[in-house]
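Let's take a friendly walk through a protein chain. Have a look at the picture first, and then we'll go through it piece by piece.

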Amino acid sequence: MARVSLKSPTARRKLEHRTSAYSEPVSKGVALLYRTGAKGGSWYTRTPVSGDKRLAASDDGIAADGLGVLSYDQAMKRLREVWGGEQSPNRKSEDRASEI
C-alpha cells in the first residue's frame, strides 16, 4: 500500500473516502489516525493503552484553533502528550521522548 500524506489539508482532500482510518505510525503500537468525513476529517490517536480515541476535527475546511480543530502538527503534538501521559510514571521522560 502506498504511503499517503496527512500533513496538509490539500493532501488530505485528495484521499479516498473510506470507513477505515488513514494511519501515520509514530512508534510501535502508536499512530496518528485520520478519518475522512462528508464535511471534513477528524484526528484520532491509537495507543496500546487506550486504543483509538478521537482528538478533534481536522483543519480541512476551517482554520485550526488548537482546541476543537487541529492542524497536522497540532494533532501530532496532542498525540505525543496523550502517549507520554500513558507511559509508566517510573520511566524517565527522556526514555518516552526517544520512543516518539
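How many salt bridges does a search of the whole structure find? The search turns up four. Before we get to them, keep in mind that this is a predicted model.

**The layout**

Let's start with the overall plan. The chain has three helices and five strands. Reading from the N terminus, the elements go α-β-β-β-β-β-α-α. The five strands make an open sheet, ordered β1-β2-β3-β4-β5, and their pairing is mixed. At the edges sit β1 (22–27) and β5 (69–70), each of which pairs on one side only.

Now zoom in on one pair of strands. Strand β2 (residues 30–35) runs antiparallel to strand β3 (residues 42–47), and five bridges join the two. Within this pairing, Leu33 sits opposite Tyr44 in β3.

**Inside and outside**

What share of the chain's residues is tucked away? Of its 100 residues, 37% count as buried. The chain exposes about 6,200 Å², and carbon and sulfur atoms supply 51% of that area. As for contacts with a separation of 6 or more, 26% of them come from residues 24 or more positions apart.

In soluble globular proteins, nonpolar side chains tend to be buried together. Here, the largest nonpolar core has 16 residues, and Leu6, Leu32 and Trp43 have the most contacts inside it. At least two residues of this core come from each of β1, β2, β4 and α2 (72–86). The top contributor is α2, which gives five residues.

**The salt bridges**

Back to the charged pairs. Side chains of opposite charge can pair when their charged atoms come close. Here are some of the salt bridges, with the distance between the closest N and O atoms:

| Pair | Closest N and O atoms |
|---|---|
| Asp59 and Arg12 | 2.3 Å |
| Asp60 and Arg12 | 2.8 Å |
| Arg46 and Asp52 | 2.7 Å |

Take the Asp59 pair first: Asp59 forms a salt bridge with Arg12. This pair links distant parts of the chain, with Asp59 in the loop between β4 (51–58) and β5, and Arg12 in helix α1 (residues 9–13), 47 residues apart. Both Asp59 and Arg12 are buried.

Then there's Asp60, which also forms a salt bridge with Arg12. Asp60 lies in the loop between β4 and β5 while Arg12 is in helix α1, so this pair ties together parts that are 48 residues apart in sequence. Asp60 is buried, just as Arg12 is.

Are Arg46 and Asp52 buried or partly exposed? Arg46 is partly exposed because its relative accessible area is 34%. Asp52 is partly exposed too, with a relative accessible area of 33%. Meanwhile, Arg12, Asp59 and Asp60 are joined into one network by salt bridges that share partners.

**A serine worth a look**

One more residue to find in the picture is Ser58, which lies in strand β4. Ser58 counts as buried because its relative accessibility is 5%, and the cut-off for buried is under 20%. Its side chain makes a polar contact with the side chain of Asp60, at 2.7 Å. So which residues does Ser58 touch, leaving aside neighbours within four places in sequence? Ser58 is in contact with Arg12, Tyr34, Gly41, Ser42, Trp43, Val69 and Leu70. Two familiar names turn up there: Arg12, the salt-bridge partner of Asp60, and Trp43 from the largest nonpolar core.

Definitions and conventions
Residues numbered from 1 in each chain as written. Predicted model: local features only at pLDDT ≥ 70, side-chain atom pairs only at ≥ 80, totals over all residues. Heavy atoms only, no water. Pairing = 2+ DSSP bridges. Helix = DSSP H or I, 4+ residues; strand = E, 2+ residues; numbered from the N terminus. Buried < 20%, exposed > 50% of the residue type's maximum accessible area, 1.4 Å probe, protein only. Contact = heavy atoms within 4.5 Å. Areas by Shrake-Rupley, 256 points an atom, 1.4 Å probe, with all protein chains shown as cover. Salt bridge = Lys/Arg side-chain N within 4 Å of Asp/Glu carboxyl O. Core = buried A, V, L, I, M, F, W, Y, C linked by side-chain atoms within 4.5 Å. Polar contact = N/O pair within 3.5 Å; in protein donor to acceptor, adjacent residues only side chain to side chain.
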